[in-house]
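This report describes selected internal features of one protein structure. It is intended to be read alongside the sequence and the coordinates.

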Amino acid sequence: MNRNKCLMVLAGLMLSASVMAESERMSMLMNFDWKFKLGETDGAQAAAYDDSSWRSLDLPHDFQIEMPWNEKASRSRGFKDMATAWYRKTFAASGDWKGKRVVLDFEGIMLHGDAYLNGTKVGGTDYGYLGFEADVSGLIKYDTLNVLAVHCSTGEASDSRWYTGGGLYRDVHLVVKNPVSVARHGIYVTTPEVSEQRATVDVQVEVEGIRNKKCDLVVKATIVSPDGQVVGRSEVAAPKDSKQPTVEVGLPQLSIANPRLWWTEKPDLYTVEVALVLDGKTVDKVSQRFGIRTIEFSNDFGLKLNGKKIFLKGVACHQDYGAVGVAAYETSIARMMDRLKEFGFNHIRTSHNPYSESFLRLADEKGILVVDELYDKWSNTIAWAGRRPWTSIWWENVIEWVKRDRNHPCVIMWSLGNELQFQEERCGFPTRDWGVTAYNIMNTLVKRFDPTRKTTVAMYPARANGIVKHSKEFRMEQNIVPPELATKTEVASFNYCWEDYGKYLEKAPGMIVYQSEATTNELSAPYFGMDRDKMVGLAYWGAIEYWGESNIWPKKGWDYSFFRHSLEPNSQAYLMKSIFEPEEPLVHIGIAGKVDTLLWNDITVGQTRVTSHWNREPGKKYTVNVYTNGDEVELFVNGNSLGTKRNDNKRKPNIITWKGVEYVPGAIEAVARKDGKPVARHRVETAGEPVSLKMVAENTGWKGDGMDLQYVRVYAVDRKGRVVPTAVGRVSFEVEGAARLIAVDNGDHSSGELFCGNSKALYEGFAMAIVRSARKPGKVRVTARCDGLKSASATLVTE
């Protein structure tokens with residue numbers, strides 16, 4: 001397509017996107033049709049630069065996950081080399097935008113980066129986990145194409161302790177609005193009084209464009225219920241002659257009768273629609289979802305949601321999503337949340353940085369309780385992922401973070417940092433008080449923009465005065481004293497050390513205790529070891545595999561987990577489900593294998609490798625773990641009973657073990673009983689030789705919007721349809737129609753293969769394709785082939 005034709009087409013697209021009422025704002029997703037090049041490129045910010053040879057792609061995109069694994073690269077950063085890259089997008093502007101504000105909104109650039117429009121730098125981010133907006137009204141060209149160029153860098157290897165990914169990994173929008181408009185993150189909704197009979201709603205709107213002006217501006221708010229009914233209206237005149245660059249306007253309080261409360265199992269969401277009316281004409285409209293709910297913390301009951309006691313059963317992981325890296329696809333995030341809820345989890349701690357806006361939207365929709373974390377350490381040099389010193393930008397980040405996330409009912413607590421209280425150099429300002437002053441300053445700023453939630457800081461496993469676990473003083477009785485900072489935070493968050501919480505409370509009885517990290521290798525012990533009546537809850541560290549923080553090559557990251565990075569559950573996930581959902585009868589067989597442990601951050605971590613198949617070495621004896629919430633379990637091999645055992649191990653509840661079980665081909669079966677009656681069964685059979693592939697497409701409501709993903713799981717099965725864990729071979733995928741293949745995976749965290757391409761080796765009988773829809777609905781044909789096996793295919797439809 002020649003340049004003039006391209007200009008006409010793009011102008012038409014932009015014009016159609018702005019066919020809204022002229023007075024209102026237009027927001028357009030800018031994720032499509034980018035050009036990309038890895039590495040440094042001189043002059044790439046210039047509008048005239050020739051990028052015709054560059055790769056074409058759509059956002060979100062993580063360029064680092066596509067780079068080769070390198071054994072000599074940082075194991076913390078996922079054995080990936082550090083790199084830079086450029087993205088460029090060409091677009092046309094509509095003449096309707098003249099006289100309005102044109103704003104580019106970047107949700108994040110990883111690890112940091114800068115944006116240029118038509119060769120001029122317009123903004124950037126020094127902390128890639130948060131976004132920024134850039135007013136480009138004066139730079140937009142209406143008689144020729146515009147070029148948006150973005151430079152991204154992963155920084156130095158020492159800039160992060162984990163895999164960060166790289167690039168434009170979150171959404172980019174272009175917003176066109178009037179000079180008088182709602183400011184960035186300018187709506188704030190609170191519900192000061194909540195009961196089942198009545199709720200009050202306060203709406204505050206931050207307005208820009210009226211500084212030093214005597215505007216006749218009316219701010220209006222309309223509340224819409226979860227079923228689309230208008231349940232409240234409010235309006236107020238904005239102040240005149242304000243000297244502030246933006247003005248916070250509070251509206252008269254609204255009252256809603258018989259509100260539908262937001263709850264983990266029924267996450268009802270309301271919407272506030274805000275309109276700005278200037279001289280009788282609507283000049284801006286913005287909507288914001290919110291939930292009506294209460295959160296209460298106390299050392300008497302821990303946490304209450306809507307007046308009811310709830311215990312956090314959660315995970316703490318870094319923000320990557322397996323084969324797509326850190327690219328923030330909503331489908332990938334929703335899939336992860338659905339898997340966690342399926343196994344009884346109700347909580348995620350965003351470790352150790354803000355996640356994407358889509359993550360919080362989905363947590364709102366699915367009823368996931370979130371501890372929203374801003375930072376790892378408070379340091380200018382040690383474990384600091386910012387391009388500028390922490391002391392120079394901490395406050396900018398706090399404001400952006402809180403204003404961005406404060407309307408989400410899923411967010412129940414702000415966490416200001418992680419692993420504090422063991423090195424003064426990581427405690428913010430040099431006040432020699434283990435970060436207490438830094439916390440107080442940040443807490444004050446947080447409360448300026450959201451006084452409704454408590455704040456916390458996660459503690460390194462250390463005592464008062466910075467005594468760490470490897471010190472000989474650590475176990476001395478007189479030193480079992482909580483860290484100074486933990487006694488000052490509104491909620492005391494401890495990484496590990498659950499055995500000491502009782503003694504900590506003897507020293508500081510007012511603390512509200514949350515276990516911000518628990519070890520997966522201890523399985524149920526951290527959960528049962530807490531006072532669940534009086535404490536807030538816990539988050540299992542690394543419960544889902546993530547890239548980086550590997551202890552040894554060829555492992556590409558952390559794999560002491562309940563779920564693989566592909567979200568296939570490990571056997572221990574069923575133990576957690578049996579604990580977290582005690583009313584749902586469950587029994588699950590796991591065959592114990594290699595024990596892998598090590599000392600990590602002064603804590604013993606690791607995992608016994610447990611798998612749930614019955615294709616073993618003939619004549620060899622195995623330890624069989626059975627996970628159950630039944631009273632007792634009887635175990636059978638080929639119909640022969642190996643006896644009945646009670647679920648009465650107080651040290652390891654819901655785990656029953658049979659040692660020395662000889663493998664004989666056939667079937668192993670566990671029957672769980674309650675009150676003497678069978679309530680659950682799990683039967684595992686020896687699979688035969690693989691003969692075919694079996695295909696399962698996950699996304700039943702696949703959208704043809706260019707953004708939605710389809711996860712297609714493929715298994716090698718025998719003649720009876722049983723998965724063959726010993727199957728080998730390479731599965732190749734072919735995608736035809738209104739979609740394209742973007743990644744392949746098999747859940748093997750030690751594989752040297754990349755996720756790009758169209759084929760993947762089977763791993764324990766499993767492979768998976770990730771397919772991205774086209775920007776229009778249509779049919780999609782997915783075919784999987786493997787030499788020696790019958791192929792599998794499916795015709796899918798995007799809506």
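The following sections treat the internal spaces, the salt bridges, the nonpolar cores and two individual residues. The structure is a predicted model.

## Internal spaces

Five cavities of 30 Å³ or more are present in the structure. The largest cavity has a volume of about 230 Å³. It is lined by 25 residues, and D320, Y321, M336, I544 and L567 are the closest to its centre. At least two lining residues come from each of β22 (312-317), α2 (330-342) and β45 (766-773). Helix α2 makes the greatest contribution to the lining of the largest cavity, four residues. Sorted by class, this lining comprises 15 nonpolar, six polar and four charged residues.

The second largest pocket encloses about 820 Å³ of space. Its lining consists of 28 residues, and E568, S612, H613, Y715 and V723 lie nearest the centre. Strands β33 (603-611), β39 (677-685) and β41 (709-717) are the elements that give two or more residues to this lining. The most, four residues, come from β39. Ten residues of the pocket lining are nonpolar, nine are polar and nine are charged.

## Salt bridges

The salt bridges number 61 in total. Three of the pairs are set out below, each with its nitrogen-to-oxygen distance.

| Salt bridge | Distance, N to O |
|---|---|
| D114 and K121 | 3.2 Å |
| E400 and R184 | 2.8 Å |
| R713 and E568 | 3.9 Å |

The pair of E400 and R184 joins distant parts of the chain, with E400 in helix α4 (residues 390-405) and R184 in strand β11 (residues 181-190), 216 residues apart. Are these two partners buried or exposed? E400 has a relative accessible area of 13% and therefore counts as buried, the limit being under 20%. R184 is likewise buried, because its relative accessibility is 14%.

The pair of R713 and E568 also links distant parts of the chain: R713 belongs to strand β41, whereas E568 is in the loop between β31 (557-558) and α8 (572-580), 145 residues away. Both of these residues are buried. E568 thus appears in two settings, as it forms a salt bridge with R713 and is among the residues nearest the centre of the second largest pocket.

The bridge between D114 and K121 is part of a wider arrangement. Which residues are linked with D114 and K121 in a network of salt bridges? The other members are D126, R387, R388 and E396. Within this network, D114 is classed as buried because its relative accessible area is 9%.

## Nonpolar cores

The largest nonpolar core contains 131 residues, and F359 and W378 have the most contacts inside it. Helix α5 (residues 436-449) supplies the largest share of this core, seven residues. Another core, apart from this one, has 33 residues, including M30, W34, A93 and I140.

## Two residues and their surroundings

T331 lies in helix α2, the element that gives the most residues to the lining of the largest cavity. With a relative accessibility of 14%, T331 is below the 20% limit and so counts as buried. Which residues does T331 touch, leaving aside those up to four places away in sequence? Its contacts are N699, M707, D708, L709 and Y711.

V712 is located in strand β41, an element that also holds R713 and gives two or more residues to the lining of the second largest pocket. The relative accessible area of V712 is 0%, and this residue is therefore buried. Leaving aside residues up to four places away in sequence, V712 touches M695, V696, A697, A767, M768, A769 and V782. How far is the C-alpha atom of V712 from that of A784, 72 residues apart along the chain? The two C-alpha atoms are separated by 9.6 Å.

## Summary

Strand β41 recurs in this account: it carries V712, it holds R713 of the salt bridge to E568, and it contributes to the lining of the second largest pocket. Helix α2 likewise contains T331 and gives four residues to the lining of the largest cavity.

Key: Residues are numbered from 1 along each chain as its sequence is written. This is a predicted model: local features need pLDDT of at least 70, side-chain atom pairs count only at pLDDT 80 or more; totals for chains, interfaces and linings use all residues. Side-chain values use heavy atoms; hydrogens and water are left out. On a 1 Å grid over the protein atoms alone, a cavity is a set of points where a 1.4 Å probe fits but cannot get out, and a pocket is an open set with protein on both sides within 12 Å along at least five of seven lines; lining residues have an atom within 4 Å of a point. Grid points are joined across faces, edges and corners, and a volume is the space filled by probe spheres set on the points. Ala, Val, Leu, Ile, Met, Phe, Trp, Tyr, Cys and Pro count as nonpolar, Asp, Glu, Lys and Arg as charged, and the others, Gly among them, as polar. A salt bridge is a side-chain nitrogen of Lys or Arg within 4 Å of a carboxyl oxygen of Asp or Glu. Buried means under 20% relative accessible area, exposed over 50%, partly exposed in between (1.4 Å probe, protein chains only). A nonpolar core is a set of buried Ala, Val, Leu, Ile, Met, Phe, Trp, Tyr and Cys residues joined through side-chain atoms within 4.5 Å. Contact means heavy atoms within 4.5 Å.
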